[in-house]
Amino acid sequence: MLDGMFSFVLLDTRNKTFIAARDPIGITPLYMGWGLDGSIWFASEMKALSDDCERFATFLPGHLYSSKRGELRRWYNPPWYSESIPSTPYDPLVLREAFEKVHLENFCIAVIKRLMTDVPFGVLLSGGLDSSLVAAVASRHLTEAKVAKQWGSQLHTFCIGLEGSPDLKAAREVADYLGTLHHEFHFTVQEGLDALGEVIYHIETYDVTTVRASTPMFLMSRKIKSLGVKMVLSGEGSDEIFGGYLYFHKAPSKEEFHHETCRKIKALHLYDCLRANKSTSAWGLEARVPFLDKNFIDIAMDIDPEWKMVRHDLGWIEKWVLRNAFDDEQNPYLPKHILYRQKEQFSDGVGYSWIGGLRAHAEEHVSIAMLSNAHNVYPENTPLTKEAYYYRTIFERFFPKNAARSTVPGGPSVACSTAKAVEWDEAWKKNPDPSGRAVLGVHVDAY
């Protein structure tokens with residue numbers, strides 16, 4: 001099952017016992033519910049449990065439940081999970097081969113493994129580092145994969161954005177460089193606003209940054225599926241592993257840097273993995289994420305975090321270890337300016353006016369009085385902005401139970417940081433916005 005990337009429930013009909021397990025990182029969703037009659041339910045969507053279960057919760061990644069034991073226990077115990085600080089020196093060739101090469105200690109590696117398919121597929125290409133590397137490696141090795149005999153050796157790539165957005169321009173450059181068959185989709189702010197209800201229904205969260213990013217991904221997935229494509233490779237996970245978000249520029253020490261990457265990986269099932277899976281699955285499209293390959297994570301997380309730190313004196317920007325690993329002068333994977341393009345979060349890269357449009361829309365629907373009274377209306381995980389309040393009202397229409405709202409994470413965030421990392425900079429407490437452009441002095445178009 002592609003190295004444990006799927007969750008499952010197995011029933012033994014002979015003795016009516018069962019076992020349920022979730023994949024290591026939470027790439028595929030799984031929920032567990034309890035009925036008033038003592039029954040136990042499992043589903044990949046929360047909405048499937050809300051009518052029949054009095055209580056339900058997110059099934060934790062890397063855990064399993066056995067009806068014989070009647071308890072949840074963790075089966076996935078990688079070295080990095082303890083958050084102890086690794087000391088392995090950085091070796092760019094080892095990191096590159098873990099992502100690209102066909103065999104390493106008898107395992108198929110991250111990208112190649114995910115080319116095992118018998119359906120039409122492509123790559124989600126935003127023009128950022130991560131998706132561009134996935135496209136570059138897939139393009140190089142597609143001719144060797146069995147799927148090329150059935151669907152051709154030219155890779156399909158897909159991008160979406162508002163007219164003139166940063167991602168559309170960068171993705172087009174990468175596609176031209178790699179020679180892919182590129183599909184460029186456009187959407188308007190109004191089309192995104194019109195889809196918000198449907199998006200929140202499918203992604204089952206009111207988290208601000210997840211809603212912002214899920215909407216264009218949801219719109220793009222519909223168009224991709226209409227072309228007959230059934231599977232896509234995507235670049236999620238790299239920012240968590242390598243500290244790619246712009247707030248990592250302010251990490252006070254390598255220890256804090258590493259602890260934050262561990263926290264981010266452990267929470268992926270609530271954010272980027274949830275978005276990537278549910279935005280695409282809503283249209284019957286499967287998303288595969290090479291950066292979250294178990295073996296690749298183990299190798300990348302074993303690197304001394306001193307090498308991952310942003311070092312302006314050495315010219316090391318965010319994710320320098322990954323960029324450097326694929327900086328091949330003899331046989332370049334990507335144009336240099338793409339390889340060293342500044343991190344642009346998906347909800348920003350699709351067009352800066354997208355977030356502005358969402359905020360303006362929320363301003364029209366949520367009054368100051370409503371926001372002032374939010375702690376009484378929503379005492380749990382109280383929304384702090386009009387935008388967050390607006391998403392919450394939509395979510396509550398679909399999922400009114402306490403159990404549903406408890407599945408969504410909360411707390412302050414800057415540029416997708418955890419609440420703990422907000423403490424790195426006192427100024428962040430005054431501007432708690434999950435957009436990468438909220439990191440003043442780091443993002444070139446910060447607000």
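**Sheets, ring pairs and buried sites in a predicted model**

Phe248 is buried, with a relative accessibility of 2%. The model described here is predicted. Phe248 belongs to the loop that runs between helix H8 (238-242) and helix H9 (254-266). Leaving aside neighbours within four places in sequence, Phe248 contacts Asp239, Gly243, Phe257, Glu260, Thr261, Val310 and Trp424. Of these partners, Val310 is 62 residues away in sequence. In space, the C-alpha atoms of Phe248 and Val310 lie 7.5 Å apart.

Two further buried sites were examined. Asp304 is placed in the loop between helix H11 (294-301) and helix H12 (320-325). Its relative accessibility is 13%, under the 20% limit, so Asp304 counts as buried. The side chain of Asp304 makes a polar contact with the side chain of Lys254, at 3.3 Å. Lys254 also appears among the residues that Asp304 touches, together with Pro86, Ser87 and Thr88, when residues up to four places away in sequence are not counted. Thr280 lies in a helix, H10 (residues 272-281). The relative accessible area of Thr280 is 0%, and the residue is buried. With residues up to four places away in sequence left out, Thr280 touches Met217, Ser221, Arg275, Leu285 and Ala287.

Aromatic rings were searched across the whole structure. The search finds 33 aromatic pairs. One of them joins Tyr245 and Tyr247 in a stacked arrangement. Their ring centres are 6.2 Å apart, and the planes differ by 10 degrees. Both tyrosines are buried: Tyr245 has a relative accessibility of 3%, and Tyr247 has 0%. Trp307 and Trp316 form another pair, with ring centres 5.7 Å apart. Their planes stand at 20 degrees, so this pair is stacked as well. Trp307 is partly exposed, at 30% relative accessible area, whereas Trp316 is buried, at 13%. Ring pairs also link Phe99, Phe242, Phe291, Phe296, Phe326 and Tyr333 into a cluster.

Charged side chains also sit over rings. Arg55 lies over the face of Trp34, 4.1 Å from the ring centre. The charged end of Lys264 is placed over the ring of Tyr271, at 5.6 Å from its centre.

Strands come next. Strands of a sheet pair through backbone hydrogen bonds, in either the parallel or the antiparallel sense. One open sheet has four strands in the order S1-S2-S6-S7, with antiparallel pairing. Strand S1 (8-12) and strand S7 (71-74) stand at the edges. Each has a single partner strand, so one side of each is left without a neighbour in the sheet. On average, neighbouring strands of this sheet are turned by 15 degrees against each other, direction ignored.

Within this sheet, strand S2 (residues 17-21) and strand S6 (residues 63-66) pair in the antiparallel sense over three bridges. Ile19 stands opposite Ser66 in S6. Ala20 has Tyr65 of S6 as its bridge partner. S6 also pairs with S7 in the antiparallel sense, over four bridges. Here the bridge partner of His63 is Arg74 in S7. The hairpin of S6 and S7 has four residues between the strands. In this hairpin, Gly70 takes a positive phi near 70 degrees. Both faces of S6 are covered. His63 and Tyr65 are buried on one side, and Leu64 and Ser66 are buried on the other.

Another open sheet consists of three strands in the order S4-S3-S5, again with antiparallel pairing. Strand S4 (40-43) and strand S5 (55-58) stand at the edges. Each of these edge strands has a single partner strand, so one side of each lacks a neighbour in the sheet. Neighbouring strands of this sheet are turned by 20 degrees against each other on average, direction ignored. Strand S3 (residues 31-34) pairs with S4 in the antiparallel sense over four bridges. Among the bridges, Tyr31 has Ala43 in S4 as its partner.

Note on methods
Residues numbered from 1 in each chain as written. Predicted model: local features only at pLDDT ≥ 70, side-chain atom pairs only at ≥ 80, totals over all residues. Heavy atoms only, no water. Phe/Tyr/Trp six-rings, centres within 6.5 Å; stacked < 30°, edge-to-face > 60°. Buried < 20%, exposed > 50% of the residue type's maximum accessible area, 1.4 Å probe, protein only. Lys NZ or Arg CZ within 6 Å of the ring centre and 35° of its normal. Helix = DSSP H or I, 4+ residues; strand = E, 2+ residues; numbered from the N terminus. Polar contact = N/O pair within 3.5 Å; in protein donor to acceptor, adjacent residues only side chain to side chain. Contact = heavy atoms within 4.5 Å. Pairing = 2+ DSSP bridges. Axes fitted to C-alpha atoms, helices over the stretch in contact; angles between N-to-C directions.
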